[in-house]
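I opened this notebook to record what I looked up, beginning with the ligand surroundings and then turning to the fold.

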Amino acid sequence: MKPKIIVYKKVDKKVLELIEDTCKVVYFEKLDSQNFPVFLEELKDAEGLIGSGLKVDHELLDQAPQLKIVCNISVGYDNLDLTALAERRIMATNTPDVLNDTVADTIMGLILSTARRIPELDQWVKTGQWESGLGEKWFGVDVHHKVLGIIGMGGIGSDVAKRAHYGFDMEILYHNRSRNEAAEQKYGATYCSLEELLKKSDFVCLMTPLTPQTVNLIGKREFELMKESAIFINASRGKTVDEEALIHALKTGQIYGAGLDVFVQEPVNMDNPLLSMNNVVTLPHIGSATYETRFKMAMIAATNLVTGLKGDVPPNLLK
Ligand SMILES: NC(=O)C1=CN([C@@H]2O[C@H](COP(=O)(O)OP(=O)(O)OC[C@H]3O[C@@H](n4cnc5c(N)ncnc54)[C@H](OP(=O)(O)O)[C@@H]3O)[C@@H](O)[C@H]2O)C=CC1
Ligand SMILES: O=CC(=O)O
């Protein structure tokens with residue numbers, strides 16, 4: 001008999017076909033409060049779970065006694081309690097690398113949009129304010145030849161560095177726990193302490209995973225160290241930043257602006273002060289959201305799933 005698996009995110013039908021070759025699929029295009037009880041019912045005899053963002057912890061796993069594998073359609077896996085999964089000998093996988101270029105493009109988009117005030121000027125044109133010449137109050141700041149500090153020079157960070165170095169002649173600083181020699185050699189990136197990076201960068205780009213060590217990695221003290229002209233970019237996870245401290249830094253002119261793809265609360269609350277600031281450009285967590293990349297990510301996750309259920313080691317098994 002085919003193992004039962006649950007897909008809890010909208011995926012292309014080719015992805016479903018790949019899984020259906022060897023599994024019986026229960027498909028939820030998305031999970032919400034209405035269908036969650038049905039999902040939990042289905043989970044009771046499911047052997048696999050594939051999707052993104054669902055919190056998988058002891059509480060959920062208690063309701064999934066047959067589960068053998070959990071496959072994220074994402075590179076980040078802060079939604080998974082890996083210890084709880086390991087205790088129950090349940091495999092977990094993610095989709096690294098395939099999205100690096102796409103997320104790096106999004107980050108460059110945030111850098112350019114914030115520095116050159118593209119969303120604000122778009123509104124200026126569309127609301128008929130372009131009646132005379134553009135006054136100085138609408139000018140932005142240059143991106144090219146500036147200093148870009150990348151906190152988290154991994155797969156995505158390196159592709160941001162590539163674009164910034166070759167496309168924008170930027171000087172790259174970076175901070176990790178360990179050196180990334182490839183980024184140093186290929187993009188002339190210079191390793192430095194977090195403090196030095198914050199003091200020297202015109203653009204600070206946060207790209208670490210969310211872990212117990214990176215919760216609120218950037219907070220009051222870190223914003224105080226940044227230049228008043230600094231633009232802060234976050235496409236990692238909302239909780240890597242102390243959002244209250246970010247709001248304070250933007251309100252008081254401690255930093256110039258911010259480009260944000262992620263928030264502590266997602267979808268973001270409409271009363272979040274960040275939404276009413278002209279010097280903040282926001283995106284709805286769409287770093288990897290292109291047709292091509294999301295399709296590839298889902299195919300990779302599906303391959304992880306069927307490989308694991310066959311009894312082989314999935315290509316992206318998390319330790
Ligand atoms: N906005 C979006 O849509 C997307 C967001 N993401 C987020 O981006 C994250 C990074 O992805 P990816 O580049 O593939 O991951 P990688 O693992 O390739 O890179 C992460 C980097 O962060 C560094 N890092 C980890 N912990 C710390 C720390 N405590 N202090 C300083 N640096 C640290 C690592 O270096 P070292 O280990 O040496 O410290 C590594 O260089 C994902 O985990 C996810 O949360 C990813 C895709 C899309
Ligand atoms: O946030 C997206 C991811 O892939 O992680």
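Entry 1, ligand 1. I asked which element gives the most to the shell around ligand 1. Helix α7 does, with three residues. I note here that the model is predicted. I then listed the surroundings: of the 31 residues around ligand 1, those that come nearest are G76, G154, R177, P209 and G287. Sorting the shell of ligand 1 by class, I found 16 polar, twelve nonpolar and three charged residues.

Entry 2, ligand 2. I looked up the residues around ligand 2 and obtained S74, V75, G76, L99, G287 and S288. By class, this shell has four polar and two nonpolar residues, and no charged ones. I note that G76 and G287 are listed around ligand 2 and also among the residues that come nearest to ligand 1.

Entry 3, α7 and its contact with α5. Helix α7 covers residues 155-168 and helix α5 residues 100-116. I recorded that their axes come within 8 Å and cross at roughly 55°. The pair is therefore oblique. I looked up the hand of the crossing as well, and the crossing of α5 and α7 is right-handed. Which residues meet there? From α5 I listed N100, D101, V103, A104, I107 and M108; from α7 I listed G155, I156, D159, V160 and R163. The residues of this contact divide into six nonpolar, three charged and two polar.

Entry 4, the sheet. I traced an open sheet of five strands with parallel pairing, in the order β2-β1-β3-β4-β5. Its edge strands are β2 (24-27) and β5 (91-93), each of which pairs on one side only. On average, neighbouring strands of this sheet are turned by 15° against each other, direction ignored. I then examined one edge: strand β4 (residues 69-72) and β5 run parallel and are joined by three bridges. For V70 I looked up the bridge partner in β5, which is A92.

Entry 5, helices on the sheet. Helix α12 (residues 291-310) packs on the sheet and touches β1, β3 (48-51), β4 and β5. I recorded that the direction of α12 makes about 170° with that of β4. I also looked up helix α1 (residues 13-20), which lies across β1 (4-7) and β2. Helix α1 runs at about 145° to β2.

Notes: Residues numbered from 1 in each chain as written. Chains lettered and ligands numbered in written order. Predicted model: local features only at pLDDT ≥ 70, side-chain atom pairs only at ≥ 80, totals over all residues. Pairing = 2+ DSSP bridges. Helix = DSSP H or I, 4+ residues; strand = E, 2+ residues; numbered from the N terminus. Axes fitted to C-alpha atoms, helices over the stretch in contact; angles between N-to-C directions. Contact = placed C-beta atoms within 7 Å. Parallel < 35°, antiparallel > 145°, perpendicular 65-115°, else oblique. Left-handed = near helix turned anticlockwise from the far one by under 90°. Nonpolar A, V, L, I, M, F, W, Y, C, P; charged D, E, K, R; others polar. Near = placed C-beta within 6 Å.
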